[in-house]
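Visitor: I would like a close look at a single part of this model. Please pick one residue, start there, and then work outward.

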4 protein chains.
Amino acid sequence: MSTDRKPDPSRRRQQSRDSILEAALALVLEVGYSKTSIESIASRAGVGKQTIYRWWPSKGAVVFDSVLAHAGVEDGVQLPDTGDVEADLKQVLRATVAEFADPAFEAPIRALNSEIIFDADLAAAYRERMAAPVEEAKKVRLRSAQAAGQLDPDADLDLLLELLYAPVYQRWLLRTAPLTQEYADQLVETVLRTFAPARTPTSP
Amino acid sequence: MSTDRKPDPSRRRQQSRDSILEAALALVLEVGYSKTSIESIASRAGVGKQTIYRWWPSKGAVVFDSVLAHAGVEDGVQLPDTGDVEADLKQVLRATVAEFADPAFEAPIRALNSEIIFDADLAAAYRERMAAPVEEAKKVRLRSAQAAGQLDPDADLDLLLELLYAPVYQRWLLRTAPLTQEYADQLVETVLRTFAPARTPTSP
Amino acid sequence: MSTDRKPDPSRRRQQSRDSILEAALALVLEVGYSKTSIESIASRAGVGKQTIYRWWPSKGAVVFDSVLAHAGVEDGVQLPDTGDVEADLKQVLRATVAEFADPAFEAPIRALNSEIIFDADLAAAYRERMAAPVEEAKKVRLRSAQAAGQLDPDADLDLLLELLYAPVYQRWLLRTAPLTQEYADQLVETVLRTFAPARTPTSP
Amino acid sequence: MSTDRKPDPSRRRQQSRDSILEAALALVLEVGYSKTSIESIASRAGVGKQTIYRWWPSKGAVVFDSVLAHAGVEDGVQLPDTGDVEADLKQVLRATVAEFADPAFEAPIRALNSEIIFDADLAAAYRERMAAPVEEAKKVRLRSAQAAGQLDPDADLDLLLELLYAPVYQRWLLRTAPLTQEYADQLVETVLRTFAPARTPTSP
DNA sequence: ACATAACCGAGACGGTACGTCATGTCTTGCG
DNA sequence: CGCAAGACATGACGTACCGTCTCGGTTATGT
């Protein structure tokens, strides 16, 4: 016998959920994450505070859902495949760099990251719902490159992706150095060189 | 013309500063960063709140100084140089991995990072006072390796270090995958392979 | 157009109100008015500070309500009417003098007065809710005396009451001279003499 | 053997004292008594806080001295004596009423009174240094009236003065009713009637 | 003439309280 | 019963002052 409140999700009002997520995202953009409060979200969404507390455990979770809903990663992700890995990867990494530079993305994503740092549950949710699909799409492209002989067939693709993306992520997060298109290109070139296919011994 | 109060640092009481930094670090370890308040730091340090506000602009800055004072990076940093870069780098990167796993380091450093994400000033301070000295020590070792012919003399050392450390940092921060000693070794090997000196068929 | 929060009195918790007023009165008695803080009232009443700020504009207003609630002037006030004005007034004025000497009344009432001096709103509230009912009761008795031919029918009763009470009030407030029962009697006699009915030599 | 600081008044800097009193008075006028702080007085006077604490026990005492120094009651006080008590008293009481209405006097004097209410020492100082000389001057005039047969030779002059001034004081302090010149006149007339000389029994 | 003791300005300090904001819980009344 | 509204106890915020305490720098004699 438990006294826990267990709200019935079927009775949930979709309109409230939407306006909460919208308000949360708008506030993070306008006043920043730390100045965004549950109270301000509720007030802006025209919603009672309890309605937020009923469905989300924390401010971080609300903002997480906001960003997720807005990013719309839930649709299938697919990377370009022109046959030229280097060109394709450069295009993709340049797009990532550009995204990080977009103020409309930057604020919510920094907020997301600052929560993920502390909250292992959010981190897991992030991996599963945001990172994993993208990760898998990238690997599809890389396997295609392996099949085309542009990449070492034994390359550890997880490691490769880390070497490619972690430096970008770190530069953006810690602002250690400017994030430029040239940097993206340089990373792609360096990493591809590292995982280049073994030089085919042309003669016996 | 400014009305800002500019307290005179020469009149600052060293004892207060010390007990504040100590209290801040202890609280972050004991109750976590977000539950550490300026008020609790002041109270634990036996200090008036104003004494904190007089010398630091934010909780983040206090914790930053705590970590800095505790880490003692201000002393010269020097890396081992046994003549074998790979062995030396593996030792150093394994130490980094171990440090990240130490609960006594983890909490304050996660706190630090969560502040740095938002606060560009703190990020700059971090770069200058914590990262830069260590970075420089690492480069000294790498240049020594270049001189010894163990590394491409044209290698971009900044990029090399990013490829080496950013993946570790990202795994730790986002908990994307376990941080093991083997992973450290693998990273060192991969990166050294990338920046290996060109095979000069000098003489038969 | 006003952005002011206007709390809904119907949702007010009576229990909180009561414990706040009780705590305020107790604290003024125990530690004095100036050492009584909103914070200490809240803490003693087991109430959040905001609950005080929501319903009262200032410490003075809280203490005012405390005194008012305690004095219970809101009930009808009625003065003795034995048929002998002089005796009745002496009794009433002696009671006033005694009240001023009672330490349990003195502290809160001095507190009240010190606030009223500065705060015209409080002064108005004092007149309307504390002074007026008593004033009216006194006038009822005086009119009865006029009807009985013990007082000049043309006497300005407001003036009469001021001449009677202001000296007592002043002596108490400024401690210019001891407040004794004899003094009360002397005042009554003097003032009654001033407003005695004209000697009408009606018939021998 | 005492460790008490006993500052040597002979070494006191007159300039500091003056600027403190001046600053105190100005602040009470400008921002009101309760918003006047020791710190603001010191700052405005260009004086260290300690210099105030060295010579005065409390804010009330400083303001008291300010008002005293400004009022300049220390000079001899003398009331008009035209031979007509009623006219003279009306003139004096009207002046008092006017003074109370003057904003430049009102603020500091309300401040004074609010301190006197709580602080018996200040009350005594007030009586001795401000009230007494004026009181004595008034009595001189009244005795002259007694000698002139305009006043009952047995009149209790203290009581008379209380009946004359307390109502004015009360009206001003509590704002119970407007303080007009007519009111002053009415008071004088009423009180003089009360203490009129006994009707001389013209025939035996 | 020169120590030496005080006052003095400045302001850092450990505190208390301020009045505001947000938290997460609870209650009320509407639909 | 979900919900908007919002009162509530709690607790932290950042600020203002409190009264005490150094810190140098003038005075201002007193030998």
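Guide: Let us start with N113(C). This is a predicted model. N113(C) has a relative accessible area of 5%. Buried means under 20%, so N113(C) counts as buried. The residue sits in helix α6 of chain C. What does N113(C) touch, leaving out residues up to four places away in sequence? Within chain C, the partners are Y169(C), W172(C) and L173(C). From chain D come I117(D) and L174(D). That makes N113(C) a residue with contacts in two chains.

Now take the pair of chains. Chain D can be superposed on chain C by a rotation of 179°. The shift along the axis is 0.1 Å, and the RMSD is 0.3 Å. This is the relation of a two-fold axis. Both copies use the same surface: 100% of the contact residues of chain D recur in chain C.

Chains A and B can be treated in the same way. A rotation of 180°, with 0.1 Å of shift along its axis, superposes chain B on chain A. The RMSD here is 0.3 Å. Again the same surface serves both copies, and 100% of the contact residues of chain B recur in chain A.

Go back to chain C and its helix α6. Residues 103-118 form α6, and α6 is among the elements that cover the buried residues of α4(C). The others named there include α1 (14-31), α2 (38-45), α3 (49-55) and α7 (120-147) of chain C. How many of the 13 residues of α4(C) are buried? The count is 10, so α4(C) is largely enclosed by the rest of the structure. Among the buried ones are G60(C), V63(C), F64(C) and L68(C). K59(C) and D65(C) are on that list too.

Check the length of α4(C) as well. The helix covers residues 59-71. At 1.5 Å a residue, its 13 residues should span 18 Å. The end C-alpha atoms are 18 Å apart, which agrees.

Two of those covering helices lead on to the DNA. α2 and α3 of chain C each supply at least two residues of the surface near DNA strand E. So much for chain C; α2 (38-45) and α3 (49-55) of chain A do likewise, as do α3 (49-55) of chain B and α3 (49-55) of chain D. There are 39 residues around the strand, and E39(A), K49(A), Q50(A), R11(C) and Y53(C) come nearest. Sugar and phosphate make up 61% of the strand's atoms that come within 4 Å of the protein. By class, this surface has 17 charged, 12 polar and 10 nonpolar residues.

Look at some single atom pairs. In K49(C), a polar side-chain atom lies 2.7 Å from a base oxygen of DNA strand E. In R13(B), a backbone N or O atom is 2.8 Å from a phosphate oxygen of the strand. In S16(D), a side-chain N or O atom is 3.3 Å from a phosphate oxygen.

Finish with two residues in α1 helices. S16(A) lies in α1 (residues 14-31) of chain A. S16(A) is buried, with a relative accessible area of 15%. Beyond its neighbours within four places in sequence, S16(A) is in contact with V47(A) and T51(A). V31(B) belongs to α1 (residues 14-31) of chain B. V31(B) is partly exposed, at 41%.

Key: Residues are numbered from 1 along each chain as its sequence is written. Chains are lettered from A and ligands numbered from 1 in the order in which they are written. This is a predicted model: local features need pLDDT of at least 70, side-chain atom pairs count only at pLDDT 80 or more; totals for chains, interfaces and linings use all residues. Side-chain values use heavy atoms; hydrogens and water are left out. Helices (H or I, at least four residues) and strands (E, at least two) are DSSP runs, numbered from the N terminus. Buried means under 20% relative accessible area, exposed over 50%, partly exposed in between (1.4 Å probe, protein chains only). The expected span of a helix is 1.5 Å times one less than its number of residues. Contact means heavy atoms within 4.5 Å. A residue is near a molecule or strand if one of its heavy atoms lies within 4 Å of it. A polar contact is a pair of N or O atoms within 3.5 Å; within protein, one must be able to donate a hydrogen and the other to accept it, and residues adjacent in sequence count only if both atoms are side-chain atoms. Ala, Val, Leu, Ile, Met, Phe, Trp, Tyr, Cys and Pro count as nonpolar, Asp, Glu, Lys and Arg as charged, and the others, Gly among them, as polar. Copies are superposed by least squares on the C-alpha atoms of residues with pLDDT of at least 70 in both.
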